[in-house]
Amino acid sequence: MNGKIDFKGRTFKWRTSFPDSFKFECLKCAYCCGIHYPTLREDEALKIRRITGLKLQDFIEPAFMPVSINDPYQYQIKKDESGVCVFLDKKTRLCRIHRDKPLICRTWPFQIMFQYPEIVVDVFYSCYAIASGKARRFRTDFSIEDLIKEMIECNADLFLQAMSLQKTFQEKYLVSLDDEAAKLVCWDFIVERGIEDFNPFNFKALISSYQKKVSE
Ligand code: SF4
Ligand code: SF4
């Protein structure tokens, strides 16, 4: 799947990292509520505090892997003593804050990656429906386009900053590499995108295919 999306006067291409034949449907097993550590933004944490009456420290803790101090996802939801999310009802396997759960929980197992010039929609293969092969169709509560829109709108600064940094990086990166390293970067890029019209034995052509695609 792929397409284009408009955001703040600019158009970005997007694609999924999985093929059109990919199958996913949530089996409501709640496995993900034990294995992933949902990070959340300040507004999401404050909303949960308001609706539950809990103190922040009762349900959040510093995230294991914040990207930088400017990353809005500095905290994650805590696990209980048995290792599952503190908001999971273990009897019913339902989320006790379902209507107000963070974006990351609403969209899991999907995530988006900013890979200038594209937005790539990726998936966590540790989701039980996917790992077990029990999903029989592709069904989500949202369209892939809506998922991307919501994720980039909620993280607008981070998104634009990441795209701009990667643009600079990709435009200048090859210049700083030796031939062998540059070849590998181009090769990975071209193979990952399934580009067919390139000649891997012609190094200059390989680099120029990469540069052409990056600037499109
Ligand atoms: S692990 Fe996958 S199938 Fe199970 S509840 Fe989470 S998203 Fe749904
Ligand atoms: S907030 Fe809800 S959906 Fe998210 S991990 Fe916890 S129980 Fe699961």
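In the predicted model, the shell around ligand 1 comprises 10 nonpolar residues, no polar residue and one charged residue. Four cysteines contribute to this shell: Cys 26, Cys 29, Cys 32 and Cys 127. Two tyrosines, Tyr 31 and Tyr 128, also surround ligand 1. Trp 108, Leu 27, Ala 30 and Ala 129 complete the nonpolar set. The charged member is Lys 28.

Ligand 2 has a shell of nine nonpolar residues, no polar residue and one charged residue. Its cysteines are Cys 33, Cys 85, Cys 95 and Cys 105. Pro 38, Ile 77, Phe 87, Leu 88 and Ile 97 also surround ligand 2. Here the charged residue is Lys 101.

An open sheet is built from four strands. Their order is 1-2-9-8, and the pairing is mixed. Strand 1 (2-7) and strand 8 (110-115) lie at the edges, each pairing on one side only. On average, neighbouring strands of this sheet are turned by 30 degrees against each other, direction ignored.

Strand 1 pairs with strand 2 (residues 10-16) in the antiparallel sense. Six bridges connect the two. Within this pair, Lys 4 stands opposite Lys 13 of strand 2. Helix 6 (residues 144-154) packs on the sheet. This helix touches strand 1, strand 2, strand 8 and strand 9 (118-123). The direction of helix 6 makes about 65 degrees with that of strand 8.

Key:
Residues numbered from 1 in each chain as written. Chains lettered and ligands numbered in written order. Predicted model: local features only at pLDDT ≥ 70, side-chain atom pairs only at ≥ 80, totals over all residues. Heavy atoms only, no water. Near = heavy atom within 4 Å. Pairing = 2+ DSSP bridges. Axes fitted to C-alpha atoms, helices over the stretch in contact; angles between N-to-C directions. Contact = heavy atoms within 4.5 Å.
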